[in-house]
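Please open the model in your viewer and keep the sequence panel beside it, since this tour moves from one selection to the next. At each stop, select what is named and then read what is there.

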Amino acid sequence: MIPIHVLNGPNLNLLGRREPGIYGTATLAAIECDLRVQAEALDVALTFRQTNHEGELVGFVQEAGLAGAGILINAAAYTHTSVALRDAISGSGALAVEVHLSNVHAREAFRHVSLIAPVCAGVISGFGPRSYRLGLDALAHLMASRTPISASED
Ligand code: DQA
């Protein structure tokens, strides 16, 4: 099975009642449920987490990256501010895909900058909960196509 950790940053626990005109009405629990069905079809072992704390998110990234798991990350506001998060992704060698529910490029200028995008394989933004589904599909395929290191190559 392909190990993938879906990591969610601050305020995403409020999905469903948080600015529904921007983020829609799906709760984070509903997004998780949906991804679990998709994960089964993709042969993905899914870990799903959320935190409002930057350091905890850094810890989640390190844990996933060092375990060789792929990371699907909606870092929420930390996307735009966190050097620590970017360093955790690059430092742990994680294969990561960045996702956002809203189209961050159609919003305020401060959301146009992502500090983590340069260390991610790709970014999906603007498709609501489908951003997660598209991201999981892309990441699972990337993980599956990673060339396994053969035992004779050392
Ligand atoms: C978000 C976009 C961020 O700019 C914002 O801070 C969020 C959610 C999104 O999923 O659209 O909290 O990551």
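Begin by selecting Leu 136, which is found in helix 5, the helix that spans residues 129–145. Bear in mind from the outset that this is a predicted model. Leu 136 has a relative accessibility of 0% and therefore counts as buried, the cut-off for that class being under 20%. With Leu 136 still selected, add Ala 96: the two residues are 40 apart along the chain, and their C-alpha atoms are separated by 10 Å.

Stay in helix 5 and move the selection to Ser 131, which is found there as well. Ser 131 also counts as buried, at 0% relative accessibility. Now display His 100 together with Ser 131; the C-alpha atoms of this pair are separated by 6.4 Å, although the residues stand 31 apart along the chain.

His 100 leads on to the ligand, so keep it displayed and bring the ligand into view. Which residues should be selected around the ligand? They are Arg 18, Tyr 23, Asn 74, Ala 76, Ala 77, His 80, His 100, Leu 101, Ser 102, Val 104, Arg 107 and Arg 111. If you colour this shell by class, you will have 5 nonpolar, 4 polar and 3 charged residues.

Within the shell, draw distances from three side chains in turn. A polar side-chain atom of His 100 lies 2.8 Å from an oxygen atom of the ligand, and for Asn 74 the distance from a polar side-chain atom to a ligand oxygen is likewise given as 2.8 Å. For His 80, a polar side-chain atom is placed 2.7 Å from an oxygen atom of the ligand. If you then switch on a surface, note that the protein covers 99% of the 320 Å² of accessible area that the ligand has on its own.

Keep His 80 selected and look at its surroundings in the chain. His 80 has its place in the loop between strand 3, residues 70–74, and helix 4, residues 83–92. With a relative accessible area of 15%, His 80 falls under the 20% cut-off and so is classed as buried. Add Val 113 to the display, because here there is a further contact to inspect: the backbone oxygen of Val 113 lies 2.9 Å from a polar atom of the His 80 side chain, which is within the 3.5 Å limit for a polar contact.

Next, select Gly 65, whose place is in helix 3, residues 54–66. Gly 65 is buried, with a relative accessible area of 9%. Then add Ser 92: Gly 65 and Ser 92 are 27 residues apart in sequence, yet from C-alpha to C-alpha they are 4.9 Å apart in space.

For a stop concerned with rings, select Arg 49 and Phe 60. Arg 49 lies over the face of Phe 60, at 4.4 Å from the ring centre. A search for aromatic pairs, by contrast, leaves nothing to select, as the structure holds 0 of them.

Turn now to the backbone, and specifically to two residues with a positive phi. Where is Asp 43 found? Asp 43 is in the loop between helix 2, residues 28–42, and strand 2, residues 44–50. Its phi is positive, at about 60 degrees, although Asp 43 is not a glycine. Asp 43 is partly exposed, with a relative accessible area of 41%.

The second of these residues is Glu 19, which has a positive phi of about 35 degrees and is not a glycine either. Select Glu 19 in the loop between strand 1 and helix 1, where its relative accessibility of 43% makes it count as partly exposed.

Finish with Leu 14, which lies in the loop between strand 1, residues 2–8, and helix 1, residues 20–23. Leu 14 is partly exposed, with a relative accessible area of 32%. As a last distance, display Ala 26 alongside Leu 14: the residues are 12 apart along the chain, and their C-alpha atoms are separated by 10.0 Å.

How values were computed:
Residues are numbered from 1 along each chain as its sequence is written. This is a predicted model: local features need pLDDT of at least 70, side-chain atom pairs count only at pLDDT 80 or more; totals for chains, interfaces and linings use all residues. Side-chain values use heavy atoms; hydrogens and water are left out. A residue is near a molecule or strand if one of its heavy atoms lies within 4 Å of it. A polar contact is a pair of N or O atoms within 3.5 Å; within protein, one must be able to donate a hydrogen and the other to accept it, and residues adjacent in sequence count only if both atoms are side-chain atoms. Accessible areas come from the Shrake-Rupley method with a 1.4 Å probe; for residues, only the protein chains shown count as cover. Ala, Val, Leu, Ile, Met, Phe, Trp, Tyr, Cys and Pro count as nonpolar, Asp, Glu, Lys and Arg as charged, and the others, Gly among them, as polar. Rings of Phe, Tyr and Trp (its six-membered ring) pair if their centres lie within 6.5 Å; planes under 30 degrees apart count as stacked, over 60 as edge-to-face and the rest as tilted. A charge sits over a ring if NZ of Lys or CZ of Arg is within 6 Å of the ring centre and within 35 degrees of the ring normal. Helices (H or I, at least four residues) and strands (E, at least two) are DSSP runs, numbered from the N terminus. Buried means under 20% relative accessible area, exposed over 50%, partly exposed in between (1.4 Å probe, protein chains only).
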